[in-house]
Amino acid sequence: MSEPNSQKAFPVSWEQFHRDTRALTWRLTAGTRKYKAIVCITRGGLVPALIIARELNIRLIDTICIASYHDYKEQGAAQVMKGVGPELADLAADGGSEILLLDDLVDTGKTARIVRDMLPKAHFATVYAKPMGRPLVDTYVTEVSQDTWIYFPWDMGLSFQPPIAG
Ligand SMILES: O=P(O)(O)OC[C@H]1O[C@H](OP(=O)(O)OP(=O)(O)O)[C@H](O)[C@@H]1O
Ligand SMILES: O=c1[nH]c(=O)c2nc[nH]c2[nH]1
Ligand SMILES: [Mg+2]
């Protein structure tokens, strides 16, 4: 879903994102699965990848680079610009059972579907999830409604807020 159609705003600070991503890591460690590598979906997945790699002491990190083209009303075609690199070929060979796949959020599930097709056995985790994409995610922290736009700290800056009473 693209921003102009959304009615509710869910702004996230750096501190909150860090806290929520740590909470995601706790959830991931509750299971018995161990990961040898992280694959993050650029660009939004780069930030949770840093935080989770630090917490889980994972140093093998790769990207899947996807560009989505948005028009005014809805998300357009998505193009995979880069898949997993040759260094991860062995880990990807069985579908990625020892790979942790990360993104900042799942919305319509379009991006998730592409990466799940590429690594069907990887564990796919996001910090936030909207209902349409939620069934495609193995672990997430916070669900927001489909008509909510999540504002990430890297997209925002400090600005004047008009008084609520006008
Ligand atoms: O479930 P979907 O509807 O596919 O939406 C979720 C994707 O959209 C955002 O990325 P975006 O394509 O905006 O690119 P970015 O990560 O480079 O900001 C977000 O980071 C997810 O990757
Ligand atoms: O910053 C963003 N917030 C969102 O809610 C969203 N959904 C898809 N892509 C998104 N990007
Ligand atoms: Mg993204």
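This briefing covers the fold of one chain and the surroundings of ligand 1. The model is predicted. The chain holds four helices and eight strands, and 17 residues surround ligand 1. Strand β5 gives the most to that shell, with four residues.

**Secondary structure**
- Along the sequence, the helices and strands follow the pattern β-α-β-α-β-β-α-β-α-β-β-β.
- The pattern opens with a strand and closes with three strands in a row.

**Overall dimensions and packing**
- A compact globule with 166 residues would have a radius of gyration near 15 Å, and the chain, with 16 Å, agrees with this.
- The C-alpha trace spans about 60 × 35 × 25 Å along its principal axes.
- Of the 166 residues in the chain, 30% are buried.
- Among contacts between residues at least 6 apart in sequence, 59% join residues at least 24 apart.

**Shell around ligand 1**
- The closest of the 17 surrounding residues are G44, S68, D107, T108 and T111.
- Three elements give two or more residues to the shell: β2 (37-42), β5 (99-106) and α4 (110-118).
- T111 falls within the range of α4 (110-118), and T111 is also among the closest residues to ligand 1.
- By residue class, the shell divides into eight polar, five charged and four nonpolar residues.

Conventions:
Residues are numbered from 1 along each chain as its sequence is written. Chains are lettered from A and ligands numbered from 1 in the order in which they are written. This is a predicted model: local features need pLDDT of at least 70, side-chain atom pairs count only at pLDDT 80 or more; totals for chains, interfaces and linings use all residues. A residue is near a molecule or strand if its C-beta atom, placed from the backbone, lies within 6 Å of it. Ala, Val, Leu, Ile, Met, Phe, Trp, Tyr, Cys and Pro count as nonpolar, Asp, Glu, Lys and Arg as charged, and the others, Gly among them, as polar. The radius of gyration is taken over C-alpha atoms; the globule rule is 2.2 Å times the number of residues to the power 0.38. A residue is buried if 20 or more other C-beta atoms lie within 10 Å of its own, exposed if 12 or fewer, and partly exposed in between; C-beta atoms are placed from the backbone. Two residues are in contact if their C-beta atoms, placed from the backbone, lie within 7 Å.
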